[in-house]
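Me: I'd like to go through the labels on this model and hear the reasoning behind them. Could you take me through it?

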Amino acid sequence: MALPFMMIKLHANISNEHWLSGSIDIHAAKCKNCTKWRVIDTKEAFEEIRCKAFEEPFHCSLKANCSCDDPADFEYDSSRTWVIDKPNLPKTPQGFRRSLVLRKDYSKLDPYYISPTGKRMRTRNEIAAYLKDHPECKGIAPTNFDFSSPKIMQDTVLENVEQKDFISANKKAKIAKDDI
């Protein structure tokens with residue numbers, strides 16, 4: 001049985017010279033039975049589906065008033081940049097928000113968590129320190145946070161986006177040395 005893709009349809013706007021502010025305008029899941037795309041109405045519902053992707057794969061009947069006989073909610077296309085979120089990530093703990101920041105070169109989405117107090121955290125160590133300093137966050141552990149980055153679907157990246165060269169300087173040096 002194939003795992004259904006979980007996608008986020010991302011609309012990006014340039015906000016400064018280093019980062020893009022990506023606004024997620026569609027959360028979606030692909031039905032394991034009919035392979036049609038279904039819009040997931042809320043981020044919370046999307047996270048619920050995503051966290052159970054292996055044990056309870058998404059199918060159309062999980063969505064109210066929907067079946068595999070209905071037409072797809074939309075088709076995968078290049079009208080927006082699409083990313084595949086990793087399956088089985090834990091749901092964002094209550095009071096926190098998971099934020100994804102798209103790099104200007106579309107190479108990666110950087111995940112952050114925003115605390116109930118508004119603090120932005122990039123690592124599990126920062127989360128651990130925050131939880132230690134905020135005992136009101138009972139029952140929440142650093143392992144409840146995942147900093148995996150969704151995969152950007154390169155076939156949907158706008159043609160005019162200047163993407164960085166993904167070969168590292170060390171690999172370039174090694175390739176050049178081997179050519180001698």
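Reply: Happy to! Bear in mind that this is a predicted model. A good place to begin is Phe96, which touches Ile114, Ser115, Pro116, Met121, Tyr130, Leu131, Cys137, Ile140 and Phe145, leaving aside residues up to four places away in sequence. The largest nonpolar core has 8 residues, Phe96, Tyr113, Met121, Ile127, Tyr130, Leu131, Cys137 and Phe145, and helix H2 (residues 124-133) gives the most to this core, with 3 residues.

Me: Why is Trp82 called buried?

Reply: Trp82 has 0% relative accessibility; buried means under 20%, so Trp82 counts as buried.

Me: And what makes Tyr76 partly exposed?

Reply: Its relative accessible area is 29%. Partly exposed lies between 20% and 50%, so Tyr76 belongs there.

Me: Why is the pair of Phe74 and Trp82 called stacked?

Reply: The centres of Phe74 and Trp82 are 5.5 Å apart, with 25° between the planes. Pairing needs centres within 6.5 Å, and planes under 30 degrees apart count as stacked, so the label fits. Tyr76 and Trp82, at 5.7 Å centre to centre and 45° between the planes, form a tilted pair.

Me: How do you know that Arg120 lies over the face of Tyr112?

Reply: Arg120 is 3.8 Å from the ring centre of Tyr112; the distance limit is 6 Å, and the direction must be within 35 degrees of the ring normal. Arg120 is listed as lying over that face.

Me: What puts the buried residues of H1 on the same side?

Reply: Phe46, Glu47, Ile49 and Arg50 are buried in helix H1 (residues 43-51). They cover an arc of only 160° around the axis, which puts them on the same side of H1.

Key. Residues numbered from 1 in each chain as written. Predicted model: local features only at pLDDT ≥ 70, side-chain atom pairs only at ≥ 80, totals over all residues. Heavy atoms only, no water. Buried < 20%, exposed > 50% of the residue type's maximum accessible area, 1.4 Å probe, protein only. Helix = DSSP H or I, 4+ residues; strand = E, 2+ residues; numbered from the N terminus. Arc of directions from axis to C-beta. Core = buried A, V, L, I, M, F, W, Y, C linked by side-chain atoms within 4.5 Å. Contact = heavy atoms within 4.5 Å. Phe/Tyr/Trp six-rings, centres within 6.5 Å; stacked < 30°, edge-to-face > 60°.
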